[in-house]
Amino acid sequence: MNEQMAESPSRLIDAKIASIGDWRGERLARMRALIREADSGIVEAVKWRKPTNPSGVPVWEHHGIVCTGETYKGYVKLTFAKGALLPDPASLFNGSMGGNTMRAIDIREDAAIDDDAFKALVRAAVALNASQAAARPAARARKTSESKKAAQPGPGPQRR
């Protein structure tokens, strides 16, 4: 097993932030701290590692993906997997607005983010994930019950 694979996701994210080295690393670190403050059950992961992006993409999960964090030349992008379904009274979402599911917050160097509104958005994403996770077993049970009923033989042909 190579050394990088043995590292915990949190350490990999630490290393990614350190490697950025400018305002984008500082901002990603700040947003990460807010995500962790918003929900103590958040689990960090690193996904989509490939030769063109060996450090992968930081991901924060709780009952599914809450958001991802990426850095680009001029901004930090936080993409909420189910952002289109979340209330956003502070209008934090400003990216990926055309999709039916995801929404993103593109944070430029001079942008101010309302910490409380951001944490509320994270908590709303966690609550949505939890409600959908709770609904999955019930839906699965209904499907199984319905398929069993459909598989039962009927009364057969009627004789006169």
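Here is a short walk through the structure, one selection at a time.

Before you click, know that this is a predicted model, where local features need pLDDT of at least 70, side-chain atom pairs count only at pLDDT 80 or more, and totals for chains, interfaces and linings use all residues. Residues are numbered from 1 along each chain as its sequence is written, and side-chain values use heavy atoms, with hydrogens and water left out.

**Stop 1: the sheet**

Switch to cartoon and pick out the strands: 5 of them form an open, antiparallel sheet in the order β1-β2-β3-β4-β5. Select 43–47 (β1) and 103–108 (β5) to see the edges; each has a single partner strand, so one side of each is left without a neighbour in the sheet. Look along the sheet and you'll find neighbouring strands turned by 20 degrees against each other on average, direction ignored. Strands and helices here are DSSP runs numbered from the N terminus (strands: E, at least two residues; helices: H or I, at least four), and two strands pair if DSSP finds at least two bridges between them.

Now zoom in on β4 (75–80), which is joined to β5 by 6 bridges, the two running antiparallel. Click F80 and you can find its bridge partner in β5, R103.

**Stop 2: the helices on the sheet**

Select 9–20, helix α2: this one packs on the sheet, touching β1, β2 (57–61) and β3, and its direction makes about 65 degrees with that of β1. Next comes 23–38, helix α3, which lies across β1, β2, β3, β4 and β5 and runs at about 30 degrees to β4. Touching, or contact, means heavy atoms within 4.5 Å. The angles run from 0 to 180 degrees between N-to-C directions, using axes fitted to C-alpha atoms (for helices, over the stretch in contact).

**Stop 3: C67**

Show C67 as sticks; you're in strand β3, residues 65–71. Buried or exposed? C67 counts as buried because its relative accessibility is 0% (buried is under 20% relative accessible area, exposed over 50%, partly exposed in between, with a 1.4 Å probe and protein chains only). Leaving aside residues up to four places away in sequence, C67 touches I35, P58, V59, W60, T79 and F80. Try a C-alpha distance to V122 as well: 8.2 Å in space, though the two are 55 residues apart in sequence.

**Stop 4: the aromatic cluster**

Select F80, F93 and F118, which form one aromatic cluster. Rings of Phe, Tyr and Trp (its six-membered ring) pair if their centres lie within 6.5 Å; planes under 30 degrees apart count as stacked, over 60 as edge-to-face and the rest as tilted. The structure holds 3 aromatic pairs. In one of them, F80 and F93 have ring centres 5.5 Å apart and planes at 75 degrees, so the pair is edge-to-face. F80 sits in strand β4 and F93 in the loop between β4 and β5, 13 residues apart. F93 counts as buried because its relative accessibility is 9%.

Then swing over to F118: its ring centre is 6.0 Å from that of F80 and the planes are at 80 degrees, so this pair is edge-to-face. Here the link runs from strand β4 to helix α4 (115–151), across 38 residues. Both F80 and F118 are buried.

**Stop 5: N129**

Finish in helix α4 with N129, which counts as buried because its relative accessibility is 2%. What lies 3.3 Å from a polar atom of the N129 side chain? It's the backbone oxygen of G64. Show the surroundings too: apart from residues up to four places away in sequence, N129 touches H62, H63, G64, I65, V66 and K82.

Key: Polar contact = N/O pair within 3.5 Å; in protein donor to acceptor, adjacent residues only side chain to side chain.
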